[in-house]
Each structure stands twice: as structure tokens, then as C-alpha cells.
Amino acid sequence: MSTTQPLVLAAELAAAWSDIQAFHQDLPDLASPEALIGESSSACGTRLGFERLLHEAAHGLAAARDIRDTSRAGRYHNRRFLMLASELGLAHPVEPHASSGFSQVTMLKETQERYADTIERLDRALGAHQEAVAGDGATRAFRGPAARHGSSGGGVRVKAVCGCGRNVRVVPSVLAQASIVCGACQQPFKIA
């Protein structure tokens with residue numbers, strides 16, 4: 001993978017964030033766009049795009065205004081999150097999801113029109129980045145800073161399986177640090 005691709009994508013993420021700030025002056029700066037590339041969070045969705053950036057901006061507004069917008073280590077998005085998401089031009093389901101609350105927000109048509117140029121620029125950068133990443137066999141997803149949730153740092157656990165079919169729940173970053181080997185078959189656990 002080209003070392004310039006993450007830099008180009010990070011620059012486009014920062015530019016898109018600035019475009020959102022133009023309409024929401026109390027939205028704090030994006031501390032590290034590079035940190036947003038390559039992480040995942042099932043509570044907030046995994047697809048990186050402008051809609052997802054608006055979702056993260058709602059968390060940014062919550063942090064700036066000292067509003068607790070999530071619970072359960074950042075997985076459950078409450079009605080305060082919903083209020084902020086609406087302010088940013090995101091629609092929401094009528095009823096909350098049992099485990100993630102109101103996290104599944106979607107962009108309103110007016111929001112798409114307001115940010116059309118920004119969305120187009122970011123989509124081009126994401127496309128180029130995904131093509132470059134596909135060359136190294138890795139898949140990448142998006143997650144904002146874990147600190148925004150006030151989480152203990154435990155992260156979202158995923159199912160990993162070994163050769164004999166046993167499974168464990170593990171935070172992907174922990175598995176990336178070193179293999180976890182099954183005591184029964186001596187094979188490493190891999191994310192399903």
C-alpha cells in the first residue's frame with residue numbers, strides 16, 4: 001500500500017470535518033484524522049463515509065457541550081445523542097435498537113445537498129484508499145477516538161475461532177498484538 005494514501009485520506013477527512021465546523025462552530029477540531037483510519041466500532045457503524053463523519057461529529061458536539069450521549073462503554077446511543085445527530089442533519093429510527101440505542105442514523109436529503117461537494121471529495125479519497133488497501137489484503141473500517149465515549153478502553157469484542165471450532169470473544173487490537181493459541185488444537189484464533 002502506498003504510504004501517501006493514508007495521508008491523502010486523512011487530509012480529506014480533516015477537510016470534511018472543517019466543512020462541518022463551518023455550520024457548527026462549537027464542534028472541536030479533529031485531533032488525529034489518521035487515527036480514524038483502520039479501526040472499527042460496531043456501535044457506531046463500520047463504513048467510513050461522510051454520514052459516519054457526521055455521526056462522529058455528534059459525539060464531538062456532545063464532548064464540547066459536556067453532554068453524556070452514550071452509555072454501556074459507548075455502545076448505547078441515548079436521546080441526547082439523537083438530539084445532536086438531528087442538529088447535524090441526521091435522521092433516526094423511531095424506536096431505539098436494544099443494544100445500540102439510536103446509533104443507526106442516516107443523512108437527510110437536505111444534508112446531502114448542503115455537503116454535496118464535500119461528500120464527492122471524500123468519496124473519491126475513500127475510493128482511492130480502498131483500492132490501495134485491497135492490494136495488501138487488509139480491510140479497514142472507521143472509528144473515532146475511544147475516549148469520546150468515556151470507555152474503559154475495553155473495546156468492542158468480536159468472535160475469533162480456532163482450527164477445531166472453539167471460539168473466544170476478543171478485542172481486535174489485542175489479537176493484532178500477538179496470536180492467541182487454542183489449548184486444544186494449538187492453532188491460533190482468527191476473527192471469523
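1. Just after α3, G89 adopts a positive phi of about 95 degrees. The model discussed here is a predicted one, and this backbone value should be read accordingly.

2. At the other end of this helix, the start of α3, a side-chain oxygen of N78 comes to within 2.9 Å of the backbone nitrogen of R80. N78 itself is found in the loop that runs between β2 and α3.

3. Is N78 buried or exposed? Its relative accessibility is 12%; because buried means under 20% relative accessible area, N78 counts as buried. Leaving aside its neighbours within four places in sequence, N78 is in contact with R68, D69, T70 and F102.

4. Within α3, the residues F81, L82, L84 and A85 are buried. Seen down the axis of α3, the buried residues fall within an arc of 165 degrees, and they therefore line one face of the helix. As background, an α-helix has 3.6 residues a turn, so residues three or four places apart point the same way.

5. What covers the buried residues of α3? The covering elements include α2, together with the strands β2 (76-77) and β3 (90-91).

6. The pairing of α2 with α3 can be described in some detail. The two helices pack at an angle of about 115 degrees, and their axes are 9 Å apart. The crossing in which α2 passes α3 is right-handed. On the α2 side, the residues that meet α3 are H55, A58, H59, L61 and A62; on the α3 side, their counterparts are F81, L84, A85 and E87. Two of the buried residues of α3 that were named above, F81 and L84, thus reappear in this list of contacts.

7. The largest nonpolar core has 27 residues, of which L9, I20, F50, L53, L54, L88 and L122 touch the most other members. Elements giving two or more residues to this core are α1 (4-23), α2 (50-64), α3 (79-87) and α5 (116-134). Which element provides the largest share? That share, seven residues, comes from α2.

8. A second core, separate from the largest one, consists of six residues. Among them are A160, V170, C182 and F189.

9. For a reader new to the structure, α2 is a useful element to follow: α2 gives the largest share of the largest nonpolar core, and α2 is also among the elements that cover the buried residues of α3.

How values were computed: Residues are numbered from 1 along each chain as its sequence is written. This is a predicted model: local features need pLDDT of at least 70, side-chain atom pairs count only at pLDDT 80 or more; totals for chains, interfaces and linings use all residues. Side-chain values use heavy atoms; hydrogens and water are left out. A nonpolar core is a set of buried Ala, Val, Leu, Ile, Met, Phe, Trp, Tyr and Cys residues joined through side-chain atoms within 4.5 Å. Buried means under 20% relative accessible area, exposed over 50%, partly exposed in between (1.4 Å probe, protein chains only). Helices (H or I, at least four residues) and strands (E, at least two) are DSSP runs, numbered from the N terminus. The arc is that of the directions from the helix axis to the C-beta atoms. Contact means heavy atoms within 4.5 Å. A polar contact is a pair of N or O atoms within 3.5 Å; within protein, one must be able to donate a hydrogen and the other to accept it, and residues adjacent in sequence count only if both atoms are side-chain atoms. Axes are lines fitted to C-alpha atoms, for helices over the stretch in contact, and angles run from 0 to 180 degrees between N-to-C directions. A crossing is left-handed if the near helix is turned anticlockwise from the far one by less than a right angle, and right-handed if clockwise.
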